[in-house]
Number of protein chains: 2
Amino acid sequence: MQGLRERQKQRRRERILRTAVELFKERGFQQTTAVDIAKASHVSRGTFFNYYPYKEAVLLDYGAELLELAWGEAKAALERGVPPVEVLEAFWNRLAELSERELGRELLSHLAYELVNPDPERAHAAYEALPLAQFVAEILRPLARAGRLRTDLSLDRMANSIADAFLLAVLRWAGHTPDRSLAGELQKFLTIVLEGVLARP
Amino acid sequence: MQGLRERQKQRRRERILRTAVELFKERGFQQTTAVDIAKASHVSRGTFFNYYPYKEAVLLDYGAELLELAWGEAKAALERGVPPVEVLEAFWNRLAELSERELGRELLSHLAYELVNPDPERAHAAYEALPLAQFVAEILRPLARAGRLRTDLSLDRMANSIADAFLLAVLRWAGHTPDRSLAGELQKFLTIVLEGVLARP
């Protein structure tokens, strides 16, 4: 059983998270300081940093929630016997939808940026929080078993590349293609990684 | 004819570039300030910023030189009739080699980072300086003409995705895979984008 103290910590973390996300959306990420978040969630600055060593870590927690939500649906679809390529496409679309609606360009760009942070510790923390490649590998595993994936590369390598393609489409979209939908951009990149660029003979 | 003034400007820019690259390699990129570069290349701090509005802009110039070098070789190979997929692979390998030898992880990571800079103006400047996607499109064009590329996506879209895959492999390598060679990582990602992940029937 979870102790009282543990539950209190969990509730406080949750409160800081919700408050921070609200402030980010109201004022913008850059304009919101750790002090603003601490004040609005009734904790000290020091307490805030105990829970989140940097502001972007809040985003990682929030992104992890959204990713878990989409993954839960994908897993259920796999269990119902939906073909993996369809599950992957639906997973992509769901992530695009959640990203556009719950995060928006600014938060999404800071979140995706953490995954390519030049500081290896920060990038590692982002990978731990957002195990997209692992979920992709789970979705592809039935295809691998059925011999429907190429066999000269490992499943993990392919899953990593697909997750990387997702990440790049997001970085590109968040920064530089204001007129297109994220779902559309992601879909095209996914198709390329799945099927390649060379025509099938 | 280029005027004297133009030539002088060109020579000064060249001197700043060489000096800066030397300092970056000696002391590290983070440890080298604009003032260090200005001093070592005998110009004022203001003059340095006239040529390069930020330190990373020097890297863009240097990266552009290396890219031009690799592209010149690729173009010559295309003209000699080498098959485009081979040219693309050789181009990749050459870029990997130049990146490892002339830039190294630290400079390469700062250079690649510019292409995903959240500041759209900086990212745009990086794209102008490093038109990798355009070169990839040139290499693929003969394949498109010969009907050997898929036709449901534009050549530019495919070239962009290939260039993006390059960029991500570089970001990943520069930051987080100390034990692997860049050429090997790039080759695997290229294969996936060219041929896809699904087995060919």
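# Exercises on a two-chain predicted model

Across the interface of chain B and chain A of this predicted model, the rule finds eight residue pairs in polar contact, with both partners at pLDDT 80 or more. The exercises below begin with that interface.

## Exercise 1. The side of chain B that touches chain A

Task: determine which elements of chain B give two or more residues to the side that touches chain A, and describe the extent of the contact.

Solution. Step one is to list the elements: helix H5 (84-115), helix H6 (120-129), helix H8 (155-176) and H9 of chain B each give two or more residues to the side of chain B that touches chain A. Step two is to find the leading contributor, which is H8(B), with eleven residues on that side. Step three is to sort the residues of this side of chain B by character, and they divide into 24 nonpolar, eight polar and ten charged. Step four is to set out the extent of the contact, which takes 42 residues from chain B and 42 residues from chain A. The size of an interface is often given as the accessible area lost when the parts come together. For chain B and chain A the buried area is about 4,000 Å², and 61% of it lies on carbon and sulfur atoms.

## Exercise 2. Salt bridges between the chains

Task: state how many salt bridges the rule finds across the interface of chain B and chain A, and work through three of them, giving for each the partners and the separation of N and O.

Solution. The rule finds five salt bridges across this interface, while the count over all chains comes to 32. Side chains of opposite charge can pair when their charged atoms come close.

- In one bridge, the side chains of B:Arg150 and A:Glu195 meet at 3.5 Å, N to O.
- In another, B:Glu195 pairs with A:Arg150, and the closest N and O atoms are 3.4 Å apart. This pair runs from B:Glu195 in helix H9 of chain B to A:Arg150 in the loop between helix H7 (132-145) and helix H8 (155-176) of chain A. B:Glu195 is partly exposed, with a relative accessible area of 35%, whereas A:Arg150 has 10% and is therefore buried, the cut-off being under 20%.
- In a further bridge, the side chains of A:Arg157 and B:Glu185 meet at 3.3 Å, N to O. Here the crossing is from helix H8 of chain A, which holds A:Arg157, to helix H9 of chain B, which holds B:Glu185, and A:Arg157 and B:Glu185 are both buried.

## Exercise 3. Helix H9 of chain B and the surroundings of B:Arg150

Task: describe the span and burial of H9(B), and then locate the residue whose side chain is joined to that of B:Arg150 within chain B.

Solution. Helix H9 of chain B covers residues 182-195, and its 14 residues reach 20 Å from the first C-alpha to the last, close to the 20 Å expected at 1.5 Å a residue. Its buried residues include B:Leu182, B:Leu186, B:Phe189, B:Leu190, B:Ile192 and B:Val193, and also B:Glu185 and B:Gln187. Just after the helix, B:Gly196 takes a positive phi of about 80°. Turning to B:Arg150, a polar contact of 2.8 Å joins its side chain to that of B:Asp152. B:Asp152 is placed in the loop between helix H7 (132-145) and H8 of chain B, and it is exposed because its relative accessible area of 53% lies over 50%.

## Exercise 4. Salt bridges within chain A

Task: identify which parts of chain A are linked by the salt bridge of A:Arg13 and A:Asp61, and name the residues of a salt-bridge network in chain A.

Solution. The closest N and O atoms of A:Arg13 and A:Asp61 are 3.1 Å apart. The bridge links distant parts of the chain, with A:Arg13 in helix H1 (residues 4-27) and A:Asp61 in helix H4 (residues 55-79), 48 residues apart. A:Arg13 is partly exposed at 26% relative accessibility, and A:Asp61 is partly exposed at 22%. As for the network, salt bridges link A:Lys25, A:Glu73, A:Arg94, A:Glu97, A:Arg101 and A:Glu102.

## Exercise 5. A positive phi at His42

Task: is A:His42 buried or exposed, and where does it lie?

Solution. A:His42 lies in the loop between helix H2 (34-40) and helix H3 (45-51) of chain A, and its relative accessible area of 68% makes it exposed. A:His42 has a positive phi of about 60° although it is not a glycine. In chain B, B:His42 likewise has a positive phi of about 60°, is placed in the loop between helix H2 (34-40) and helix H3 (45-51), and is exposed, with a relative accessible area of 67%.

Notes
Residues are numbered from 1 along each chain as its sequence is written. Chains are lettered from A and ligands numbered from 1 in the order in which they are written. This is a predicted model: local features need pLDDT of at least 70, side-chain atom pairs count only at pLDDT 80 or more; totals for chains, interfaces and linings use all residues. Side-chain values use heavy atoms; hydrogens and water are left out. Helices (H or I, at least four residues) and strands (E, at least two) are DSSP runs, numbered from the N terminus. The expected span of a helix is 1.5 Å times one less than its number of residues. Buried means under 20% relative accessible area, exposed over 50%, partly exposed in between (1.4 Å probe, protein chains only). Contact means heavy atoms within 4.5 Å. Buried area is the accessible area (1.4 Å probe) that two parts lose on being put together, summed over both. A salt bridge is a side-chain nitrogen of Lys or Arg within 4 Å of a carboxyl oxygen of Asp or Glu. A polar contact is a pair of N or O atoms within 3.5 Å; within protein, one must be able to donate a hydrogen and the other to accept it, and residues adjacent in sequence count only if both atoms are side-chain atoms. Ala, Val, Leu, Ile, Met, Phe, Trp, Tyr, Cys and Pro count as nonpolar, Asp, Glu, Lys and Arg as charged, and the others, Gly among them, as polar.
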